[in-house]
Amino acid sequence: MRRRAVLQFLAALGVTVPAGMVDAVLGAAAAQPAPGSPVPRLGVFTPTWPDMVELWRQLSRDWAPLGIELDIQQGTLDTFVAQVVAEQKLPHMGSMSWGGAPDRLDPDYFISEMFHSRRDIKGGLNFGHYHSAEFDRLADAQRAETDVPKRQQLVREVQRPIVEDSPALILFHRDIIHAYNKARFSGVTPIFGNGIGFPYMPMAYMGLTPLTPRKFIKITTIYDIASLNPFLTPEIYNSTTLRLMYATFVTRDAKADLMPWALESWSIVDPKTVDIVLRPGSKFHDGKPATVDDVKFTFDFINKWKFPALSRVSDAVESAEITGDHTVRLKLRTVYAPFVANVLGYAFLAPKHIWENLPSGLATPADWPNDHPVGSGPWRYGEWKKGEFIQFAANPDFFIKPKLEGMVVMPVPQMESMVGMLERGDSDMLAWNLDMTLGARISKSADLEVVRTPTHGQHEVRLNLAMPPCDNKAFRIALQHATDRKKLLDIIFSGAGTVSQGAPITPALTQWANPDIQAPAPSIDQARAALKDGGFSWNGEGRLLMPAA
Amino acid sequence: MAFWRYAGRRGLHTAVTLLLLVGFMFVLFRMIPGDPTTMMLGTGELPAEAQQRLRVLWGLDRPLWQQFIAYALNLLQGNLGMSFYFRRPVSEVIAPMLANTVLLMAPVVILAIVIGVAGGSWLGWRRGGRAEEIGAVLALIPRALPVFWTGIVLLALFAYQFRWFPIGGIREAFFFPENWWQRLPFFDITRHLVLPVATGVLASVADPLMIQRTALLEVRHEDFMVLARARGLSGRAQRRLARRNAILPVLTYSAIMVGFAFGGQVLLEVVFNWPGIGRLMVDSVTQRDYPVAQAAFLMMAAVVVFLNLLVDLAYGWLDPRIRGG
């Protein structure tokens with residue numbers, strides 16, 4: 001007991017403790033409560049963000065009538081990653097919000113990464129320890145099914161066990177809210193999962209048209225990039241920003257459907273063979289032509305160096321052979337249904353004449369500073385001042401010519417400063433997640449417009465299925481009934497979003513969502529009934545008791 | 001001779017302190033749970049095999065003592081290592097941020113000391129009067145307020161309301177001057193400096209001010225001041241004499257101020273979006289970028305340790321009694 005007090009004291013100081021001691025604490029929490037004894041206080045780990053604080057304020061109130069008490073611990077995102085993801089030390093439950101990165105648009109990510117038993121490992125995202133043979137079978141089947149209608153069917157089926165087994169409370173999909181100055185620029189393109197301002201989908205910027213003599217746009221966002229080397233970083237913001245210069249082979253159009261980008265077209269020859277056709281007449285920013293030699297070089301180079309940031313490419317592509325003036329045949333290692341979306345949409349065309357002539361003495365080409373990036377994308381490199389801005393100039397040689405002369409993206413760590421800059425006219429677009437309160441304030445300015453776009457990103461509460469009482473299905477179903485998703489979305493985000501069906505795919509993604517499933521209806525009576533059916537009972541003080549033996 | 005023996009002893013102490021610091025920093029950041037290869041993503045979804053490749057590349061697969069020896073040997077040659085996160089030499093990562101911080105903090109420290117000494121002397125000379133009571137309270141109020149709060153209030157007034165100054169940043173990306181004064185060199189950087197420097201000075205002026213005031217009160221009753229009065233020195237000459245004799249404690253304190261200024265002011269940097277070393281330090285800890293975190297904290301600690309050494313030596317030089325102790 002004393003040791004625990006010391007640990008709590010240290011934790012309060014922000015001091016971390018050796019892993020063994022943490023295990024001791026978790027071991028105590030994981031100990032099986034005796035049958036018929038009160039359900040222990042449930043440990044919750046949540047990030048410190050305001051939306052999460054509000055979420056738990058609501059949930060602890062909404063769940064109290066069930067006789068449940070929560071012990072809520074807050075931590076920064078890096079603590080969450082270190083403890084819950086890397087070390088797989090989730091207390092009874094934890095909350096997280098997942099951003100709508102473009103590679104998560106394919107349903108495989110939110111299915112396989114978060115719930116497949118294969119990902120119940122250190123560093124995996126199945127940190128609630130969900131294991132279901134039926135789910136695994138369906139998840140594997142959809143991943144290997146390249147026929148789209150058949151895959152659709154499998155994706156719809158695989159969501160059913162998630163709703164039935166309830167390994168997580170998937171709550172809602174909060175809208176992306178961006179804002180811009182409509183007196184200065186027109187032609188914004190809101191794209192599902194990207195909004196008007198994120199760099200994830202470069203088509204969002206292609207329609208932007210200046211209305212004043214200044215022909216470049218100033219965009220604010222939270223993050224800065226870490227490096228100009230596209231082989232280095234796997235982090236989503238950095239990698240997509242660099243891909244504005246380094247065109248990926250395919251991208252997403254205004255409807256978020258796949259479209260060729262550096263390519264002219266692609267065709268699936270058989271499930272393990274894909275032919276890609278380079279867009280004829282493509283040029284790199286230094287004026288040299290982009291050819292099939294560069295395409296082959298790119299895949300060979302990635303396979304040779306096995307860059308951690310591009311492991312999904314080297315894991316998927318076995319070889320690349322030139323088969324025509326513009327055609328390259330890719331042989332895949334395994335059948336991977338999201339190949340076009342997640343590999344061709346992530347890999348970019350690299351100029352052979354630059355990357356095969358790097359200075360010697362580098363441990364890996366990923367360590368090269370690449371101070372003057374040369375790609376073939378719609379934007380050319382201008383200048384990067386760390387912590388201040390990154391500037392791009394339009395590439396008139398790209399097959400879709402930007403209507404702007406350039407873009408300046410400025411990292412601003414504070415939302416209030418970003419809003420102020422937009423209001424004062426110091427910036428033209430605010431490309432970070434606004435909330436509705438700030439959005440309403442911005443809307444009051446005649447020149448500014450707020451744009452809401454749905455996304456596949458999501459807020460969830462993950463339950464630790466290895467820890468009682470969360471190992472009990474009746475208990476999990478009761479929590480589902482006691483959780484009013486619509487009310488939570490209304491309170492936390494003023495209703496700006498899509499309520500979840502309890503499955504990992506948003507209903508707004510009609511291509512993959514299963515219209516026939518529904519999260520358990522919010523009703524405290526049904527929650528109590530579910531607990532009673534599961535053998536739980538209550539003591540005189542209304543405290544929930546474990547099922548009797 | 002006695003002074004040199006004293007200087008040698010103090011120098012040795014400093015070397016030992018620095019060595020302990022190097023070891024402490026090395027262990028400290030590695031004790032934080034999490035590992036740089038998982039932090040790169042924010043969500044830890046890099047495949048295990050890819051993470052292992054990174055660990056080998058960055059030397060994190062070797063035993064801790066081997067890592068430390070490699071680090072210490074590099075450090076002796078002035079090599080701070082490579083940043084995990086930026087994949088550039090640490091010195092290249094730190095230098096521009098340090099320059100930005102010096103640009104911000106140098107005027108803060110200089111103004112705080114100059115205003116502090118002048119104001120403290122003025123208050124001390126008016127001991128017991130209404131002016132002293134009000135002045136001391138006025139100086140202490142901004143010190144008691146959180147830096148970010150003062151900064152936000154100044155921003156709300158002078159940037160949002162009156163629009164005299166920019167909201168933040170170190171310069172405007174692509175600034176186009178509209179008239180002759182905007183064309184003056186440093187115009188853009190100067191107007192970006194005004195609010196953060198004002199905030200920094202408000203927050204830090206009270207310490208030198210109160211120290212100077214107290215020192216002046218002590219000096220006022222020294223024999224030489226009585227003598228000065230007896231000799232019929234003018235009031236202004238007396239104040240000048242007292243001020244100069246009271247300044248030593250403030251100089252000692254300013255060594256500490258300079259040391260901490262090198263660490264930047266994280267809150268000031270965040271509120272004013274100033275790309276300085278303070279934010280870099282916070283980010284490097286969050287990203288588990290050990291080489292950058294170690295170098296930045298070590299630099300800050302080393303500045304404090306060296307300035308302390310200098311002050312000690314200066315005291316030893318000035319006051320022979322200290323050398324013996």
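Angles here run from 0 to 180 degrees between N-to-C directions, with axes fitted to C-alpha atoms. Keep that in mind at each stop. The model is predicted.

**Stop 1: the seven-stranded sheet of chain A**

Select helix 15 of chain A, residues 436–443. This helix lies across strand 5 (176–181) and strand 19 of chain A. Helix 15 runs at about 145° to strand 19 of chain A.

Now bring up the sheet. It is open, has seven strands, and follows the order 15-16-17-8-18-5-19 in chain A. Its pairing is mixed. At the edges sit strand 15 (379–385) and strand 19 (448–453) of chain A, and each pairs on one side only.

Move to the strand 15 edge. Strand 15 and strand 16 (residues 389–394) of chain A run antiparallel and are joined by six bridges. Pick A:K385 and look across to strand 16 of chain A: the residue opposite is A:F389.

**Stop 2: the four-stranded sheet of chain A**

Next, show strands 11, 12, 14 and 13 of chain A, named in sheet order. This sheet is also open, and its pairing is antiparallel. Strand 11 (263–270) and strand 13 (317–322) of chain A form the edges, each pairing on one side only. From one strand to the next, the twist averages 20°.

Zoom in on strand 12 (residues 273–278) and strand 14 (residues 327–332) of chain A. They pair in the antiparallel sense over five bridges. Within strand 14 of chain A, A:L330 stands opposite A:V274.

Add helix 10 of chain A, residues 292–305. Helix 10 lies across strand 12, strand 13 and strand 14 of chain A. Relative to strand 13 of chain A, helix 10 runs at about 160°.

**Stop 3: a β-α-β unit in chain A**

Select residues 42–47 and 70–75 of chain A, which are strand 1 and strand 2. These two strands run parallel, and six bridges join them. A:G43 faces A:D71 of strand 2 of chain A across the pairing.

Add residues 50–63, helix 3 of chain A. With strand 1 and strand 2 of chain A, helix 3 completes a right-handed β-α-β unit.

**Stop 4: where the chains meet**

Show both chains. The contact takes 41 residues from chain A and 39 residues from chain B. On the side of chain A that touches chain B, helix 4 (77–86), strand 17 (406–411) and helix 14 (415–424) of chain A are the elements that give two or more residues. Helix 4 of chain A gives the most, with seven residues. Color this side of chain A by class: 19 residues are nonpolar, 11 polar and 11 charged.

**Stop 5: chain B**

Hide chain A. Chain B has 16 helices and zero strands. Its C-alpha trace spans about 85 × 65 × 35 Å along the principal axes. Of the 325 residues in chain B, 34% are buried. Among contacts in chain B with a separation of 6 or more, 73% join residues 24 or more positions apart.

Finish on a helix pair. Select helix 9 (residues 206–220) and helix 11 (residues 235–245) of chain B. Their axes are 9 Å apart, and the helices pack at an angle of about 120°. The crossing of helix 9 of chain B past helix 11 of chain B is right-handed.

Which residues make the contact between helix 9 and helix 11 of chain B? Helix 9 of chain B supplies B:L216, B:V219 and B:R220, while helix 11 of chain B supplies B:A242, B:R243 and B:N245. By class, this contact has three nonpolar, one polar and two charged residues.

Notes: Residues are numbered from 1 along each chain as its sequence is written. Chains are lettered from A and ligands numbered from 1 in the order in which they are written. This is a predicted model: local features need pLDDT of at least 70, side-chain atom pairs count only at pLDDT 80 or more; totals for chains, interfaces and linings use all residues. A crossing is left-handed if the near helix is turned anticlockwise from the far one by less than a right angle, and right-handed if clockwise. Two residues are in contact if their C-beta atoms, placed from the backbone, lie within 7 Å. Ala, Val, Leu, Ile, Met, Phe, Trp, Tyr, Cys and Pro count as nonpolar, Asp, Glu, Lys and Arg as charged, and the others, Gly among them, as polar. Two strands pair if DSSP finds at least two bridges between them. A crossover is right-handed if, with the strands pointing away from the viewer, the path from the first strand over the helix to the second runs clockwise. A residue is buried if 20 or more other C-beta atoms lie within 10 Å of its own, exposed if 12 or fewer, and partly exposed in between; C-beta atoms are placed from the backbone.
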